[in-house]
Amino acid sequence: MVVAGIAAGGGGWADMKSLSVQVITGRWFVVFASFLIMSAAGATYMFGLYSSTIKSALGYDQTTLNLLSFFKDLGANVGVLSGLINEVTPPWVVLSMGAALNFFGYFMIWLAVSQKIAKPQVWHMCLYICIGANSQSFANTGSLVTCVKNFPESRGVVLGILKGYVGLSGAIITQLYDAFYGNDTKALILLIAWLPAAISFAFLRTIRIMKVIRQENELKVFYNFLYISLGLAGFLMIIIIVEKVLTFSQSEYGGSAALVLLLLFLPLAVVIQEEFKLWKIRQQALREPPQLKIIAENLNTETSSSSLPLESTAATSSLPEQLSSQKEVSCFSNVFRPPDRGEDYTILQALFSIDMLILFFTTICGVGGTLTAIDNLGQIGSSLGYPQKSLSTFISLVSIWNYLGRVTAGFGSEIVLDKYKFPRPLMLTLILLLSCVGHLLIAFNIKNGLYFASIIIGFCFGAQWPLLFAVISEIFGLKYYSTLYNFGSVASPIGSYLLNVRVAGYLYDKEGKRQMAALGFERKRGEDLDCTGVECFKLSFIIITAATLFGSLVSLILVLRTRKFYKGDIYKKFREQAKAAETEMAQAGNGAAPSLAKG
């Protein structure tokens, strides 16, 4: 269709070249490139697939393996450094640093488990996995934050779909790994090392912040991307189930991986179609003669500016002096005097605001609880007597519903906010309340309840992220969003440590030791400690439910504090900026037209 349109225009290769440049340099191609980067940025979700290889190859016990897991979560969620770097450098710097960190961290782990280097110390392995996992925050900051700034009026949708691809990345990389390497889990670590790095390097110059020009069908285009991603998620869900039932050969794995790649690249067709429409409009504008009205307006503007009173000119010339005097004021002097919500907060103003503290505490309770359930899903299933095949099904369910939670929260919150002024903080409260149901299903071991708990917890874990990041961008502005976005993620490892290590881990070991003592055994140092029965996690998840419920009540304070803000037009500023950019481009185009005619 696009080629036929170019042929009809009679431009030939010149038009084809012009369109190609339009596609590669357009905003929509930035979104497509971000899809691919995000689809390979979820290596941290695949730890369960290669953790047993690390354990056996390096002779670790479960305690040491859990320590590695904690450093993995720490690296994945502490991304303040990438945010600060992104404040002062273009996105390609952050992406290239992330690619280097990813390759170094996971490549060193591969060398260790392949015994190509001497057995490293435990702290070396903790450092390697922390560095490798930290690259995820660089990829998120470089691509996701850039897309939010390029599409500020559709930020909920952008966050939802890009975070959705991160949720699917574990399943996507697994399909590619099965096709490339078969059952060699050591090779999986090598794949995780080079693939995300290669994709980031391929799109270094593509990902960039562009001037915002609002399109009327912008939301419709994102819906087209959503439908494609839903097709990808549906295919992955079906193929995961089929692979559990049937035995696939290497060539059959290759066929499924080819279909995954096809669905991954399908959004490129949407990108080409949209950029072709914009290209046609631009070509038509260049061929049309300039509008006399706009020229007259330009002349009037020049006349009025040249006839300014001397007092006005003097006032204008004094502006730089005023600005320089404002800059001399200490950054600490206005920390507790923040601007109105929706305006650009400084980093310190945001970090010390009550709104951010509420969000931070809510995330500790909400994400910390769901992450504890996800990290312990295998042990929960084993202690409750579920068969081994079911354990992999639980993990697959969490992965798919994690994706669905992200896109539903992103798109759904944007729709209800636009139509009904339904505040995003209130949706976050509802998600926390829903996750309590999943925790209680685990605590009281309802029959087949772990299947439903996997769905609920996966959905709620995924839904919290786009809501959290959208609320941060809306309340505190986009100027320092790179840093504030990553600060919001810091709450996750804190919640994981408190609820997973200090609550679930401690109570599991306590019950396991009690069961061993009842049988007359005593645990020896370095041996595995197993626990069976509902009591292993019952008290833990009752405590987690109480913490999550308390977090939801605290989040209601934010709902009350921001109710007037969300009843207003929170995107008005961005619409005005987009209109100003359109006017500027229209005037530039009309100014260029006479010179084209003269040539």
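These are my notebook entries on cavities, one buried leucine and two backbone angles in a predicted model.

**Entry 1: cavities**

I began with enclosed space. I counted 3 cavities of 30 Å³ or more in the structure. The largest has a volume of about 130 Å³. I then looked up its lining, which has 18 residues. Closest to the centre are Asn-102, Ser-135, Gln-136, Ala-139 and Pro-196. H7, H8 and helix H10 (185-202) each give two or more residues to this lining. I sorted the lining by class and got 10 nonpolar, 8 polar and no charged residues.

Next I took the second largest cavity, with a volume of about 40 Å³. I listed its lining as Thr-362, Thr-363, Val-367, Leu-428, Gln-464, Trp-465 and Leu-468. The elements giving two or more residues here are helix H18 (354-375) and H22. By class I noted 4 nonpolar and 3 polar residues, with no charged ones.

**Entry 2: Leu-144**

I moved on to Leu-144, which sits in helix H8 (residues 122-150). Is Leu-144 buried or exposed? I log Leu-144 as buried, because its relative accessibility is 0% and the cut-off for buried is under 20%.

Which residues does Leu-144 touch, leaving aside neighbours within four places in sequence? I found contacts with Met-38, Ala-139, Leu-159, Leu-162, Lys-163 and Tyr-485. One of these, Ala-139, I had already met among the residues closest to the centre of the largest cavity. I also checked a distance from Leu-144 to Arg-155. The two are 11 residues apart in sequence, and their C-alpha atoms are 10.0 Å apart in space.

**Entry 3: positive phi**

Last, I looked at backbone angles. Most residues other than glycine have a negative phi. I noted two residues against that background.

Gln-115 has a positive phi, near 60°, and is not a glycine. I place Gln-115 in the loop between helix H7 (91-113) and H8. Its relative accessible area is 59%, so I mark Gln-115 as exposed.

Asn-448 is not a glycine either, and its phi is positive at about 55°. Where is Asn-448 found? I traced Asn-448 to the loop between helix H21 (424-443) and helix H22 (449-476). Asn-448 is partly exposed, because its relative accessibility is 40%, a value between the cut-offs of 20% and 50%.

**Entry 4: cross-check**

I went back over the elements. H8 holds Leu-144, and H8 also gives residues to the lining of the largest cavity. H22 bounds the loop of Asn-448, and H22 also contributes to the lining of the second largest cavity.

Definitions and conventions: Residues are numbered from 1 along each chain as its sequence is written. This is a predicted model: local features need pLDDT of at least 70, side-chain atom pairs count only at pLDDT 80 or more; totals for chains, interfaces and linings use all residues. Side-chain values use heavy atoms; hydrogens and water are left out. Helices (H or I, at least four residues) and strands (E, at least two) are DSSP runs, numbered from the N terminus. Buried means under 20% relative accessible area, exposed over 50%, partly exposed in between (1.4 Å probe, protein chains only). Contact means heavy atoms within 4.5 Å. On a 1 Å grid over the protein atoms alone, a cavity is a set of points where a 1.4 Å probe fits but cannot get out, and a pocket is an open set with protein on both sides within 12 Å along at least five of seven lines; lining residues have an atom within 4 Å of a point. Grid points are joined across faces, edges and corners, and a volume is the space filled by probe spheres set on the points. Ala, Val, Leu, Ile, Met, Phe, Trp, Tyr, Cys and Pro count as nonpolar, Asp, Glu, Lys and Arg as charged, and the others, Gly among them, as polar.
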